[in-house]
Amino acid sequence: MTSQQQNDFSKWYIDTIQKADLMDYTPVRGCIAFKPDGFEIWEHIQAEMDRRFKETGHRNAYFPMLIPESFFQKEKDHIEGFSPELPWVTEAAGEKLEERLALRPTSETMIGHLYSDWIKSYRDLPVLINQWANVFRWEKKTLPFIRTSEFLWQEGHTAHADEEEARKETMQMLNIYKEVVEELLAIPVYDGQKTPSERFAGAVDTYSIEAMMKDGKAVQAGTSHYLGTKFAEAFDIKYLNKENKHQHVHTTSWGTSTRLIGSVIMVHGDEQGLVLPPRIAPTQVVLIPVGPWKKNPAIMEKLDEVFASLKAKGIRVRLDDSDQSPGYKFNEWELKGVPVRVELGPRDLENNQALLKARDEADKVTVDIPNLVERIEEELATMQTRLLEKARAFRDQNSHTHVNSLEELKQHLTDSTDKGEIPGWILAGWCGDDACEENVKNETKFTTRNIPFNPPTEKATCINCGKDSKHTVWFGRAY
């Protein structure tokens, strides 16, 4: 990790996203405007997820942003979980509303209300619906993309005849999230189950994928929830089964958000700015003429040919023929995280060669122009894999399994500070008592991330009380 990132990671992050022109602040607290490059990253994530959702039988719909207060009262755990974050509409057209309307923090309640009308028979099941929308949670502490008062996301809401089918759906969607985040964003994740204190308000079980940022903090990159019959009972969602008896449906919900953009920046960025995985980069390749290129029309003619060839292959390419100096252009496109830069000047043209620079590599390489397009394709694929491998190596290096007690965790934190290292995450045992989990949090600010499905090792004793552990858990500080 670079010294600038290490000294003030938050400042580095804000500087990076502003210099890369991904967003802008607005007059509304905690709400940002997505600039085209920032929004296009989301569009690429959205397209890949949406394709996978549809391949598994889901369809998109849209539900209202305003939710009556009475809906929340029907599921008490749900309203208690979201109450502090809810913005309310109390007045419209100059008149006070009879009932307060919340700006949706999530749509379980509205969808539950409507599903009770839509679902009547076993023939109506399963209901597999996803929504791409915005939601509101009035955060006390905000950070662009990572935690904002309004953010973009998708939320899936499904209804099933029985628990087995609903649980299968819950895990299927978590696996889709893991595949997309690792394959598209090049971010390795730990998948597992949330502890009761960390699960979604109103859920029976919550599962998550957890990603480690370069400052060692965790981002919950996606969640999938098995809701049992809790919302079905609250909203009277019943169906007539084949035996002609009424039963409550079993429901699920699952979601990811634009915090994935912040995660990409925090996982791959370096001291020069953004480093974008090729599959989500708004511009994958930039072509830059160098030297006295304006006096040599053949340079632009050749770059135009390369541009057309790349475009024909579906590669997102830009040709920078602005009046800025080559050094300025190099810096500008590095700040924006463009995966591949190609330089062509008079001498290069004479030698029938061009210079190629991958954003995450230090050196430029010389490529014969007849092989340039093929080499660019290879480099984009190689860089995608390389970024995932680098991020996984970093995560593994900072995932610690040697800590077995609260005192050892405190010593680990002290040692990390003394050495100027990040504390990362620790794998520890937990007896299952909420009080032990809470004490670790109070003493160290380490929270449970999840109970991993495949822990690197099993822990025998609880990190806090020393009793036999029921679970092996990842702990870490989180955004």
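Ring pairs join W42, F53, W132 and W254 into a cluster, and the structure, which is a predicted model, holds 15 aromatic pairs. The count of disulfides comes to zero, while the count of cavities of 30 Å³ or more comes to three. The points below take up the aromatic contacts, the enclosed helix, the cysteines, the cavities and some details of the backbone.

**Aromatic rings and charges over them**

- A pair of aromatic rings is described by how far apart the centres are and by the angle of the planes.
- F34 and F39 form an edge-to-face aromatic pair, with 6.3 Å from centre to centre and 85° between the planes; the arrangement counts as edge-to-face because the angle is over 60 degrees.
- Both partners of this pair can also be described by their accessibility: F34 is partly exposed, with a relative accessible area of 24%, and F39 is likewise partly exposed, at 31% relative accessibility.
- Two rings carry a basic residue over the face: K217 lies over the face of Y479, at 4.9 Å from the ring centre, and R341 lies over the face of F330, at 4.1 Å from the ring centre.

**Helix α9**

- Helix α9, which spans residues 259-268, is largely enclosed by the rest of the structure, because ten of its ten residues are buried.
- The buried residues of α9 include the charged R259, and among the others are L260, I261, V264, I265, M266 and V267, together with G262, S263 and H268.
- An α-helix has 3.6 residues a turn, so residues three or four places apart point the same way.

**Cysteines without a disulfide**

- C431 is in no disulfide, and the nearest cysteine sulfur, which belongs to C436, is 3.7 Å away; a bond would need the two sulfur atoms to lie within 2.5 Å, so this pair does not qualify.
- C431 is buried, with a relative accessible area of 12%.
- For C462 the closest cysteine sulfur is that of C465, and at 3.7 Å it is too far for a bond.
- C462 is buried as well, with a relative accessible area of 1%.

**Cavities**

- The largest cavity holds about 80 Å³ of space, and the elements that give two or more residues to its lining are α6 (108-118), β8 (150-160) and β14 (250-257).
- The lining of the largest cavity is made by E108, I111, G112, Y115, H157, T158, L227, F231, I237, T251 and T252, and the largest share of it, four residues, comes from α6.
- By character, the lining residues of the largest cavity divide into five nonpolar, five polar and one charged.
- The second largest cavity holds about 60 Å³ of space and is lined by L22, D37, L274, L276, P282, T283, W333, K336 and V338.
- The lining of the second largest cavity divides into six nonpolar residues, one polar residue and two charged residues.

**Backbone details and loops**

- L125 and P126 are joined by a cis peptide bond, with omega at about -5°, and P126 lies in the loop between α6 and β7 (127-136).
- D21 is not a glycine, yet it has a positive phi of about 60°; D21 lies in the loop between α2 (9-19) and β1 (23-25) and is partly exposed, with a relative accessible area of 33%.
- D236, also a residue other than glycine, has a positive phi near 55°; D236 is found in the loop between α8 (230-235) and β12 (238-240), where at 45% relative accessibility it counts as partly exposed.
- G291 has its place in the loop between β15 (285-289) and α10 (297-312), and this glycine is partly exposed, with a relative accessible area of 47%.
- G291 and E343 are 52 residues apart in sequence, whereas in space their C-alpha atoms are 9.8 Å apart.

Key
Residues numbered from 1 in each chain as written. Predicted model: local features only at pLDDT ≥ 70, side-chain atom pairs only at ≥ 80, totals over all residues. Heavy atoms only, no water. Phe/Tyr/Trp six-rings, centres within 6.5 Å; stacked < 30°, edge-to-face > 60°. Buried < 20%, exposed > 50% of the residue type's maximum accessible area, 1.4 Å probe, protein only. Lys NZ or Arg CZ within 6 Å of the ring centre and 35° of its normal. 1 Å grid on protein atoms, 1.4 Å probe; cavity = no way out; pocket = protein on both sides within 12 Å on 5 of 7 lines; lining within 4 Å. Points joined across faces, edges and corners; volume = space filled by probe spheres on them.
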